[in-house]
Amino acid sequence: MSNVTVVANVTGIVNEAVAELQDIATEKKDTAQEIAVYLKVEITNYDDGQSTTPKSVTLDITPVYEAKNTGVAVDPTKAAPLTTTTFETPIEIKVKLPADFVAATTTPVVAKHLNADGSVKEELKATVTKENTDFFATFYATSFSEYTLAVDNRTVTVKFGKNEAVTYTANDVGTALPTAAAETGYTFQGWSGTENATTAEYSGELTFEMLDQMIAASKNAEGVQSTLVLYPVFKKDGGSTSPGSSGGGGSSSSVSVPSASNGKVTVSNNNAKKGDTVTITLTPNTGYVVDTVTVTDSKGNTITVTKTDDTHYTFVMPEGRVTVKATFKQADAPTDGFTDVAADAYYADAVKWAVDKGITNGLTATTFGPNNSCTRGQMVTFLWRAAGSPAATGTNSFSDVASGEYYYDAVLWAVEKGITKGTSATTFSPNATVNRGQTVTFLYRYAESPAVTGDSAFTDVAADAYYADAVKWAVAEEITNGTSATTFAPASNCTRGQIVTFLYRQMAE
C-alpha cells in the first residue's frame, strides 16, 4: 500500500476496506509511516434501570483510521471515519460494561443496532464474560453506527406437544427447537400454536423474531402471559401436511380454523364428513368475550351456526371444505377498581378515564398493570381508540401486521395520519416494546406537530434527535416532566401507567 503499513486492532476491517485503505495510504505516503485502523466507541447514553426499565448503554461505534509514524501512540482526537462501514465478515465487538450492569455471566444481554430514528435495525446476541471484577459483552457486527447494549428481560415458557415445558430467554437464541417423532411416511415440519394446523409457525433454531412471536402468542391483548402450548405439524411424504394432533396418517383437514386474536378457536372434528355435527369451542383471553362466529364453505357461502352457550357453537358439515372464523372483543370494563392502582397514584385518574372511554381494560378484573411495558401495537391502538377509533382508508404495506389483529386498523390509521411510518418500509414491529421517545413523538404528530421553541432542559435529549421537538412540546403542554429535572430517558420503556397518563393529559375533556 504505497510503502505505508496498515495496522489494525480489529480483525477483519483491513480486508474488507482494502480499496479505501489503499487510497488513504497513497494519499498519506509522504506524511506517515503507517495507517492505524480501529473502532472508535463513544457512550452516548446510559440508563441505570431506575425508571422501571432494564439497564442499557448506548454506544456509537465507528471504524476509523489515523495516519501516524511508527511507534507513535494513536490519538483518537485525530481519527477520521472510514467510508466503509458495512462488512461481509462479522467483526467481534467487545465492550466493558458499566459497574453493576449485570450480576452474573448468565444475565441475558442483547446488542441492538439502531436506525437513525431510534428504531431497532437488528438484534444481536451478546455473550457476557467476567475478567477479574469486570464484566464484558461480546457480539459480532457487520455494520456500524449506534448500538444499545441492554439487559434483556424477555422470557417465554413453551410446552412442545407432550414434552416438558421449556423456558426461553435471549440467551437461548440460536438453539434448535425440539422435534417430534413422525410416523412412517411422514416428516416433521415444525410447531404451531393451533391444534390440527396444517402450517408450521416455528421450526429450526430460535431467533429473536421467533422469541418475540412466541411471547406475543403467549399474551392476551392486555399483556398477561401464560405458558404457550405448541402442537407438532407433520407432512405426508410426497403429499399434503397432516394435522399435528394425528402424528401422521389420515388426509388433510376438511375444517380449516385460522388462528384468532385475543382468544383460541378449536373444533371437535377437523376431518368431518358431510352431515356430521361439528362443535366449535371458543376460549377468550382474559378480559375478552366472543364477538362473532362464522363458517363458510369453499365457495364463500355462509353455513348456519347454532349457539349452544357463550363459548360453544355447532354446525352441520356440508360437502367439501369449510373455514371457521371467530373474533373476540373486550369485555365490559371492571367496576370495582384495580387493586394495583392506589387512589393517590399519579395515574389513578388516567386509568379510570382510559377504562371508561374503552381505550384499554385491565390485565384482569382486579389488576391494571401500571408498571408493565407496552408494545408499539398497543400504543397506537390506545391512541386510535382515544381518537374515537376512526376508520382507516390506507393500504397495509407491513408484512408483520396481519388483517384481523387487534391493532390492524390502528396501525393503518396511524400511518395514514403521519403519526408513524413503521420501523422500515415493510415492517411495523407491533410486538416491539415502545419507548418514551417514540410515545411522545406519536402524541406530538397526532397533535399535528405544532411549532416549538427554546432549548430542552434534558441532557439526554440531543437537539437533532427525532423526538427532540416532541419532548419540548410534551413538557410545554404539561403532558410529562421527564424522569428527573435533567433527564427524559427517551430510550426507556414506556409503561401502561405512563401512556394512559400522557393520553389523559393531552385528550381528556
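Which residues are buried in H7? In this predicted model, the list runs through Arg-436, Gly-437, Gln-438, Thr-439, Val-440, Thr-441, Phe-442, Leu-443 and Tyr-444. Helix H7 covers residues 436-446, and nine of its 11 residues are buried, so the helix is largely enclosed by the rest of the structure. As for what does the covering, H5, H8 and H9 are included among the elements that lie over the buried residues of H7.

Before going further into that region, a quick look at the whole protein helps. The chain has 509 residues, and 43% of them count as buried. Nine helices and 21 strands make up its list of secondary structure elements. Measured out along the principal axes, the C-alpha trace spans about 90 × 65 × 45 Å. The accessible surface comes to about 24800 Å², and carbon and sulfur atoms account for 47% of it. Contacts often link distant parts of the sequence: taking those between residues at least 6 apart, 67% join residues at least 24 apart.

Back at H7, one of its covering partners is helix H8, which takes in residues 468-476. The axes of H7 and H8 are 8 Å apart, and the two helices pack at an angle of about 75 degrees. H7 and H8 are therefore roughly perpendicular to each other. On the H7 side, the contact is made by Val-440, Thr-441, Leu-443 and Tyr-444, and these four also appear among the buried residues of H7. H8 brings Asp-469, Ala-470, Val-471, Trp-473 and Ala-474 to the contact. Sorted by class, the residues where H7 meets H8 come out as seven nonpolar, one polar and one charged.

The other two helices named as cover for H7, H5 and H9, also pack against each other. H5 spans residues 376-386 and H9 spans residues 496-507; their axes come within 11 Å and cross at roughly 25 degrees. An angle under 35 degrees counts as roughly parallel, and that makes H5 roughly parallel to H9. The crossing of this pair is right-handed. From H5, the contact draws on Met-379, Phe-382, Leu-383 and Ala-386, while H9 supplies Arg-496, Ile-499, Leu-503 and Met-507. By class, the contact of H5 with H9 has seven nonpolar residues, no polar ones and one charged.

Key: Residues numbered from 1 in each chain as written. Predicted model: local features only at pLDDT ≥ 70, side-chain atom pairs only at ≥ 80, totals over all residues. Heavy atoms only, no water. Axes fitted to C-alpha atoms, helices over the stretch in contact; angles between N-to-C directions. Parallel < 35°, antiparallel > 145°, perpendicular 65-115°, else oblique. Left-handed = near helix turned anticlockwise from the far one by under 90°. Contact = heavy atoms within 4.5 Å. Nonpolar A, V, L, I, M, F, W, Y, C, P; charged D, E, K, R; others polar. Buried < 20%, exposed > 50% of the residue type's maximum accessible area, 1.4 Å probe, protein only. Areas by Shrake-Rupley, 256 points an atom, 1.4 Å probe, with all protein chains shown as cover.
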